[in-house]
Each structure stands twice: as C-alpha cells, then as structure tokens.
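The following explanation leads the reader through one structure, step by step. Please keep the sequence and the coordinates in view while reading.

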Amino acid sequence: MRDGESDDPSTESGGEPAVTEERRRTRHRDSQGRRADAHQSGAEGMDPERLRYFTQPGEGASHTRHRRRRAAPPAQPGEPTPPAQSGRPGGIPGRAQPVRIPPGGQPPQPPRAQQAPPPPAPPRRPEPEYVELRYDDHEFSDVDAQPAYDEPTYDEPAYGEPAHPEPVATTPRGPRARDEDDWWPGADDAEPAAAPRRPRRRNRENQKKRRVVLALAIVFMLALVGGVGYYGLRSMGVLESRKDYTNTAGASDVIVDIPENSTLSDFGRILLDADVVGSMRAFLDAADGQPMSGGLYKMRTQIPASTAVEMLTDESAQHRVGRVVIPPGLQLDSKTGIDDKVTPGIFQLIEDATATEVNGQPEGVTVAQLEEAAATSTPEALGVPDWAKENVASMTGDHRRVEGLIAPTTWERVEPDHTAVQILNEMISKSAVMFDQWGLVDNNKSGLSPYETLIAASIVEREVRHVEDAPKVARVIRNRLDEDQRLEMDSTQNYTAAVTNIDVHGEAYKADNEWNTYRYKGLPPTPIAAVGVPALEAMLDPAPGSWLYFVTVDTAGTTLFANTFEEHKRNRTVACKNKLVSTGCQ
C-alpha cells in the first residue's frame with residue numbers, strides 16, 4: 001500500500017470515490033444490440049484475452065492498455081471462464097501507480113486478489129521485452145516515504161462514466177465493414193479511414209485533356225463556319241474573279257474535252273483550267289445561258305470569254321474535233337453513185353474528224369492507216385466480239401472484214417492523237433455493247449447465228465426505204481435461205497461495184513465475187529453496211545409470210561411483195577412504167 005492510500009475500499013488513491021458496482025458495468029452490446037453487464041459479458045461471451053485489455057498489467061509487464069491484442073480462441077462449452085484480472089474491485093481496469101523501489105532491492109509486488117488461477121492461456125505472439133529503468137542507491141538514500149518519481153495523475157474517468165458516451169451503432173460501410181457481432185468497445189476502435197482522394201496529378205491530366213478537346217472543338221467549329229461562309233460567298237459571286245483576256249488571237253492551241261450533259265459552269269471550269277478564259281464569271285457572263293454541246297474542241301488559250309463562246313457555238317462546227325456521225329447503211333469505203341455523187345465512207349469520216357494541227361504538229365489518222373489496221377491487226381487488237389472473231393480471222397488481209405461491226409451513231413470524241421488500231425478498237429468494242437443491248441445475242445428469233453443475222457440485217461438496211469417494209473424483206477431473205485435459193489439482191493452486187501446503181505444490168509450480173517448474190521447462194525461473207533436498230537430488229541423477228549420476191553416500184557420507195565415469180569414479174573412492170581428500172585422491161 002502506497003503512502004497516503006486508504007485501506008478503505010470505498011475510496012481510491014487521490015481521494016477519488018470508490019467505483020460502485022453499477023459504475024463498473026461495461027458498455028457492451030450483444031448480438032441483438034442489448035447492453036450486457038461486465039460480469040455477464042465476461043462470464044458468458046467476453047474473450048479472456050480481450051478482457052485483459054481493460055485490466056491492470058501483470059507483474060513486470062509494460063502497460064498495454066492501448067495495445068491491440070490478438071483474440072484468444074473462445075472457451076469451449078463446459079469449460080470454466082477465466083476470471084477477469086483487474087486492479088479494482090469489480091474487474092474495472094485501473095491505472096498504473098508509481099511504486100517506490102528501495103535501494104538494492106526489488107520493487108514491492110502489488111497484492112493480488114485471491115482468486116482461482118486462470119487456465120493456461122493459448123500461446124501468443126511474444127511481446128517486446130520490457131526493460132525497467134534502474135536507479136543508483138544514493139538517489140533514494142534519504143527518500144523513504146516518497147515515490148521514486150513523480151507520475152502525472154491520470155484523472156481519466158472510468159469507462160462507463162458520462163465522460164465516455166455510449167457507442168452508437170453504425171451501419172457497416174463497404175465490403176470490408178466489420179460484423180456488428182464482432183464489435184467491442186475500446187480506445188483503438190475508430191471509424192474506418194475514408195477512401196484516399198484521387199491524386200492531384202490525375203486531376204491535372206484530366207483537366208489538360210479537357211482543355212485540348214475543347215480547343216480542338218473550337219478550331220473545328222471555326223473551320224466549318226469559315227468554309228461554309230467562303231463557299232457561300234463564292235457561290236454568290238462575291239469572292240469570284242472577273243478576270244478576262246483581251247487578245248482574240250490567243251497564245252497557243254489546246255484541245256479541251258467537255259463531257260456530255262455538262263452545265264455552263266462545267267464549261268467555264270474546264271476552260272479556266274485549260275487557260276482558255278480568264279475566269280468562270282467572265283465566261284458565264286458571255287455565254288448568257290446559251291446551250292452548248294460537249295465534245296472535243298480545238299481552242300486557243302488566253303482569249304476573251306466572248307470569243308470562246310463563239311467558237312463553241314459555231315454552227316459549222318469547224319472547231320469540233322473527233323466528232324463522227326455514222327448514219328445507218330453507210331459502208332467503210334466511199335462510194336460513187338450513178339449521179340457521180342460521192343458518198344464518203346466511215347474511214348473517210350474518221351480521217352476528216354481527226355485531222356488537225358496543234359501548235360504546228362499534225363494529228364489524226366488517214367484512210368490508208370485505217371485500212372491497214374483493219375486488214376492486218378488481230379481480232380483481239382481490233383476489239384472484235386467473240387461471235388464474230390472466227391469470220392474476221394478467216395479474212396485477214398481484207399479491210400472489209402470489219403464491215404458492219406461499227407454501229408451507226410454519233411461518235412462525239414474520236415481522239416485525234418490515238419493510232420488507227422486504238423480508234424478502231426474503241427469504236428468496234430463499244431458497238432458490240434450496243435448490239436448486245438439491241439438483242440443480237442439474247443433475243444434472236446431469226447434462226448441464224450449472231451454474225452449471220454448481222455449480215456442479213458445489213459441487206460435489209462440497204463434494200464428498204466420505209467421501216468414498215470423491213471420485217472417483210474427479212475422474211476423474204478429467211479424464206480429464200482430455207483429454199484436454198486439465191487438471194488439475187490441488187491444491194492449485195494452494188495457493194496463491190498465501182499458505181500452503185502439500183503438498176504443492175506450488164507457486167508454487174510457477171511461480177512465474180514462472194515458478195516454477188518446473183519452468182520453465189522447464201523449470205524455474203526460480211527455485212528454490206530452499218531446496221532441500224534429497225535433493220536436489226538426486223539431480222540431478229542421476221543414478219544410471218546411466204547413471200548419470195550419484192551421490188552421497189554417508184555422513187556418514193558414503194559415496195560411490192562410476191563409469193564411467185566409470175567406475180568413478181570407483174571410488180572416489176574409497174575417499176576418499168578415508172579421508169580425506175582429499164583432492165584428487163586418490154
């Protein structure tokens with residue numbers, strides 16, 4: 001017993017009132033949230049090792065009131081619960097008291113409460129060794145009744161006094177929250193630490209990214225608004241140049257290619273790119289809405305816009321280059337008629353359309369070059385379709401083997417700087433596509449091959465004046481072939497004649513060539529002219545009938561048909577009376 005302490009258990013050191021049984025109750029909540037007294041919790045559910053947390057440290061041990069202990073395993077059912085160690089009555093933990101250590105001796109041992117020895121505790125982690133401070137004897141030679149050192153008085157109220165408010169049950173937060181049944185009050189119990197805040201560096205990076213995205217969005221919007229405004233002003237002519245040249249002679253020659261169905265704006269843009277006009281606005285003002293046709297034009301660079309418009313709209317088309325108009329019935333070679341009129345052939349039209357000079361250099365192809373290419377080039381090089389290759393190859397050396405393979409149409413752009421083989425290839429291959437579209441291969445009801453049908457259709461083209469007579473003439477050809485009868489068509493004989501004449505007579509009947517159907521049976525070896533759509537459709541599906549003869553009886557082209565030769569002779573007499581023919585007339 002220390003000096004100044006009372007033996008009366010009703011008071012404690014320092015004159016403090018004794019802790020009553022009611023005040024020694026521990027604040028503990030069981031699994032149902034009810035409070036339990038200290039002796040009930042210690043006897044019924046409190047872990048002995050946890051109980052030691054609130055008791056006086058053992059002899060020679062350090063004060064471990066605020067140190068967390070490992071929980072001992074709970075007592076097995078039937079085993080006695082070890083009594084709680086306490087430095088105060090009722091098991092309420094007390095505080096450590098200073099003890100005087102006499103010189104040369106051991107410090108007095110505090111009295112222990114008479115109680116049953118506790119059962120052996122399970123092995124636990126060794127605690128760090130406590131080294132007690134020793135003092136020299138002379139320091140305590142004249143100190144008998146005073147403490148070895150002045151320890152500050154701990155006026156901390158006991159656990160359970162109003163200074164320690166009752167713990168308030170809180171809802172566990174997060175996946176690591178402790179179970180409510182596992183909660184025990186203590187000095188080290190505290191709310192779980194809040195989640196760490198995001199690093200400032202990440203926030204700075206996010207802010208930087210947001211600023212970059214915002215800047216890009218602003219730049220994009222400015223570019224969009226600026227582009228729309230620019231093109232809008234340009235479309236209204238506000239920003240468009242009105243430059244125009246003044247020299248009508250120009251600077252140099254240039255070939256410009258203007259596609260079909262081009263607008264005046266397209267004309268202006270193409271001419272501007274070729275440096276023909278100074279600006280689109282100047283050209284549009286000069287054109288003033290006039291219609292213009294696409295194609296190849298030989299122009300001069302750096303000329304006034306009004307001059308360019310005159311060259312493009314000239315009715316003589318003298319500035320057009322590479323435009324070839326092939327009518328139905330036209331042949332490859334030029335022909336002279338009975339009236340001495342020369343009808344230029346397809347090759348001559350190509351030469352005329354491509355012959356030009358560009359800055360002093362001649363361009364274009366000649367008839368001789370076209371004839372040589374047609375006679376000697378392979379069918380593949382010429383673009384001949386598959387259904388005509390065999391016939392064309394069998395006549396190598398004769399330029400007439402490509403007769404009829406060029407369709408009658410308006411060819412807007414035959415390039416003057418291309419070779420003869422290139423020009424023929426382009427025209428023949430495109431014509432084959434047109435023949436397919438007209439049904440030569442897929443809609444053929446004539447009973448002939450596609451190439452034979454094209455030959456027969458060329459005869460219809462040359463023999464018929466009126467379209468409504470074409471299906472009947474096609475039927476005559478089909479019937480004569482079925483009867484193995486010579487065709488005897490004037491058109492086939494005129495194909496090789498030096499002078500064409502509808503009234504065939506004299507030596508014309510005796511001409512020894514395969515195109516003379518007065519001497520040879522069957523179809524001629526090639527078509528005899530360019531075949532148009534009406535003649536081809538008539539041959540693809542001939543009119544029903546038994547006609548074997550027909551004759552044109554007047555200059556208007558009236559044609560009479562007959563089933564027998566006697567009827568045919570009577571029809572021919574009409575032609576004689578009209579003086580359309582003289583051969584065989586009485």
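In this predicted model, V256 stands opposite Y297 of strand β6. The two residues belong to a pairing in which strand β5 (residues 253–258) and strand β6 (residues 295–300) run antiparallel and are joined by six bridges. Strand β6 also pairs with strand β7 (residues 320–321), again in the antiparallel sense, over two bridges. Here Y297 has R320 of β7 as its bridge partner. Y297 thus faces V256 in one pairing and R320 in the other. In a regular strand, side chains alternate between the two faces of the sheet.

R320 leads from this sheet to a remote part of the chain. Its side chain forms a salt bridge with E412, with the closest N and O atoms 2.6 Å apart. The two partners are 92 residues apart: R320 lies in strand β7, whereas E412 lies in the loop between β13 (410–411) and α11. Are these two residues buried or exposed? R320 has a relative accessibility of 14% and therefore counts as buried. E412, with a relative accessible area of 18%, is likewise buried. The cut-off that decides both cases is 20%, since buried means under that value.

The whole structure holds 15 salt bridges. Side chains of opposite charge can pair when their charged atoms come close. Two further examples lie within helices. In the first, R281 and D285 meet in a salt bridge with an N to O distance of 3.6 Å. Both residues lie in helix α5 (residues 280–287), and because they are four residues apart there, about one helical turn separates them. D285 has 46% relative accessibility and so counts as partly exposed. In the second, the side chains of R478 and D482 meet at 2.7 Å, N to O. The spacing is again four residues, in helix α13, so about one helical turn lies between R478 and D482. R478 is buried, at 13% relative accessibility. Shared partners also join salt bridges into a network that consists of R242, R281 and D285.

The nonpolar interior comes next. The largest nonpolar core contains 63 residues, and the members that touch the most others are I326, I350, L405, I406, L424 and V460. Several helices each supply at least two residues of this core, among them α7 (346–354), α8 (367–376), α11 (420–437), α12 (450–463) and α13 (470–482). Where does this core lie in relation to the domains? Domain 2 (324–431) and domain 3 (450–578) both contribute residues, so the core lies between them. V460 gives a local view of the packing: leaving aside residues up to four places away in sequence, V460 touches A470, V473, A474, I477, A535 and M539. A second core, separate from the largest one, has 20 residues, including I258, L271, Y297 and A308. Y297, already met as the residue opposite V256, is therefore also a member of this second core, whose residues are by definition buried.

Aromatic rings supply another set of contacts, with six aromatic pairs in total. One of them is the tilted pair of Y495 and W515, whose ring centres are 5.7 Å apart and whose planes make an angle of 35°. Y495 lies in helix α14 (residues 490–496) and W515 in the loop between β14 (499–500) and α15, so far as sequence is concerned 20 residues apart. Both Y495 and W515 are buried. F550 and F561 form a further tilted pair, at 5.9 Å centre to centre and 35° between the planes. Because F550 belongs to strand β15 (residues 549–552) and F561 to strand β16 (residues 559–562), this pair ties together parts that are eleven residues apart in sequence. F550 and F561 are both buried. Elsewhere, ring pairs link W387, F435 and W438 into a cluster.

A further sheet completes the tour. Three strands in the order β10-β9-β14 form an open sheet with mixed pairing. Its edge strands, β10 (342–343) and β14, each pair on one side only. Strand β9 (residues 335–337) and β14 run parallel and are joined by two bridges. Within this pairing, T336 stands opposite V499 of β14.

Methods. Residues are numbered from 1 along each chain as its sequence is written. This is a predicted model: local features need pLDDT of at least 70, side-chain atom pairs count only at pLDDT 80 or more; totals for chains, interfaces and linings use all residues. Side-chain values use heavy atoms; hydrogens and water are left out. A nonpolar core is a set of buried Ala, Val, Leu, Ile, Met, Phe, Trp, Tyr and Cys residues joined through side-chain atoms within 4.5 Å. Buried means under 20% relative accessible area, exposed over 50%, partly exposed in between (1.4 Å probe, protein chains only). Domain bounds come from an automatic or database domain assignment. Contact means heavy atoms within 4.5 Å. Two strands pair if DSSP finds at least two bridges between them. A salt bridge is a side-chain nitrogen of Lys or Arg within 4 Å of a carboxyl oxygen of Asp or Glu. Rings of Phe, Tyr and Trp (its six-membered ring) pair if their centres lie within 6.5 Å; planes under 30 degrees apart count as stacked, over 60 as edge-to-face and the rest as tilted.
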